[in-house]
Amino acid sequence: GIDTELYHVVSISPLGSPFGSTSALSAHPDDPNHRWGKDFPMITPADQAAFVRLALEELGYGDLRAIVGGSMGGMQALEFAAQFPDTYKQCIAIACTPQTSPSTVALRAIQRSVVALDPLYNDGEYDIDNGPVDGLKTARQFGLICYTSKEKLDNQFSWERNPTTGDFEIMRYLRYNANKFTTGVTAYDANCYMALSKCMDHMNLGEGFASFTEGALRIPEDKELLLLSYDTDRLTPPEDTEKLAHLLEEHKREVYFEVLETQYGHDAFLVDDGAADLNLRISHFLDGGVHEVHRTIKQLHEH
């Protein structure tokens, strides 16, 4: 992975997050006594990348060895790579997409509809201490099914009902994670959830350019990219990133792209069981770039 004895790692809470960044929970600049709430501006991963750049400048960081991210963080990494090509050497993007597909937009739209249907949501004008918890719980449960694979769920949980409660084991798992998402220090704010969900819908390296190709080729030839996807990822399928990898390679960019096998789906990069495969590729990429990863993986397959 990333050797913290060798590299200094800076992690910035993304724009729109309820956990420490400017978001719907922040005070409105025109009325400091009230929060942004539902009026928080629409943001995109491109905006989040610009936000990261501003934060780095404020902290006094100049050139970066690498920009790294997974899922929404991977989207920000790609946008950063395109917007600020003079500030880094390498880019690592994991389980993400260079342009959100209609099928993924559809999944998130259903989640947002569920939150909006909760009476306590009140079109975003809810009491911060009495928000649309039921809507958020259901949206989270639906998300959990999308973030992992059928194989993982079928292998992990019993196929038989509990004889006492009549429930299936997976139902208890869904309830547990829904409660975790809406209570305590990790409780998510509904307006922040809606803003970040819409944000990811608007991922598109070609936005504002004549074509996707023109936008993607802002990443110059002297940069190296490590693009990793998972074969069971239903949220950002591998073909999304493969499209970008082929485009960049056709235009003489140095890219290593691979689809890693896992039963964990989209969230595989967060799971310890898959850490060895991920860390191997990241460490060799940082040490020796694209060619070093190719050499290492070739040797691995030969043995």
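Two strands count as paired if DSSP finds at least two bridges between them; helices (H or I, at least four residues) and strands (E, at least two) are DSSP runs, numbered from the N terminus. The model is predicted: local features need pLDDT of at least 70, side-chain atom pairs count only at pLDDT 80 or more, and totals for chains, interfaces and linings use all residues. Residues are numbered from 1 along each chain as its sequence is written, and side-chain values use heavy atoms, with hydrogens and water left out.

**The parallel sheet**

Select β3 and strand β4 (residues 88-94), which run parallel and are joined by six bridges. Within this pair, Ile-67 has Cys-91 of β4 as its bridge partner. Extend the selection to the open sheet of four strands, whose order is β3-β4-β5-β6 with parallel pairing. The edges are β3 (64-70) and β6 (254-260); each has a single partner strand, so one side of each is left without a neighbour in the sheet. Neighbouring strands are turned by 10° against each other on average, direction ignored. Next, add helix α9 (residues 238-250), which packs on the sheet and touches β5 (224-230) and β6. The direction of α9 makes about 160° with that of β6; axes are lines fitted to C-alpha atoms, for helices over the stretch in contact, and angles run from 0 to 180 degrees between N-to-C directions.

**Helix α2 and Glu-79**

Move to helix α2 (residues 72-83). Ten of its twelve residues are buried (under 20% relative accessible area, 1.4 Å probe, protein chains only), so α2 is largely enclosed by the rest of the structure. Among the buried residues are Met-72, Phe-80 and Glu-79. Select Glu-79: which side chain of opposite charge is nearest? It is Arg-218, 4.0 Å away, yet buried Glu-79 has no salt bridge (a side-chain nitrogen of Lys or Arg within 4 Å of a carboxyl oxygen of Asp or Glu). Leaving aside neighbours within four places in sequence, Glu-79 is in contact (heavy atoms within 4.5 Å) with residues including Pro-45, Met-203 and Arg-218.

**Helix α4**

Select helix α4 (residues 133-147), which has 15 residues and reaches 21 Å from its first C-alpha to its last. This is close to the 21 Å expected, a span defined as 1.5 Å times one less than the number of residues. Buried residues of α4 include Gly-135, Leu-136 and Tyr-147. To see what covers them, display α3 (102-117), α6 (169-182) and α7 (190-201), which are among the covering elements.

**The hairpin**

Finish at strand β1 (residues 27-28) and strand β2 (residues 31-35), paired in the antiparallel sense over two bridges. A hairpin joins β1 to β2 through two residues, and Ala-27 stands opposite Arg-35 in β2.

Definitions and conventions:
Buried means under 20% relative accessible area, exposed over 50%, partly exposed in between (1.4 Å probe, protein chains only). Lys and Arg count as positive and Asp and Glu as negative; His and the chain ends are not counted.
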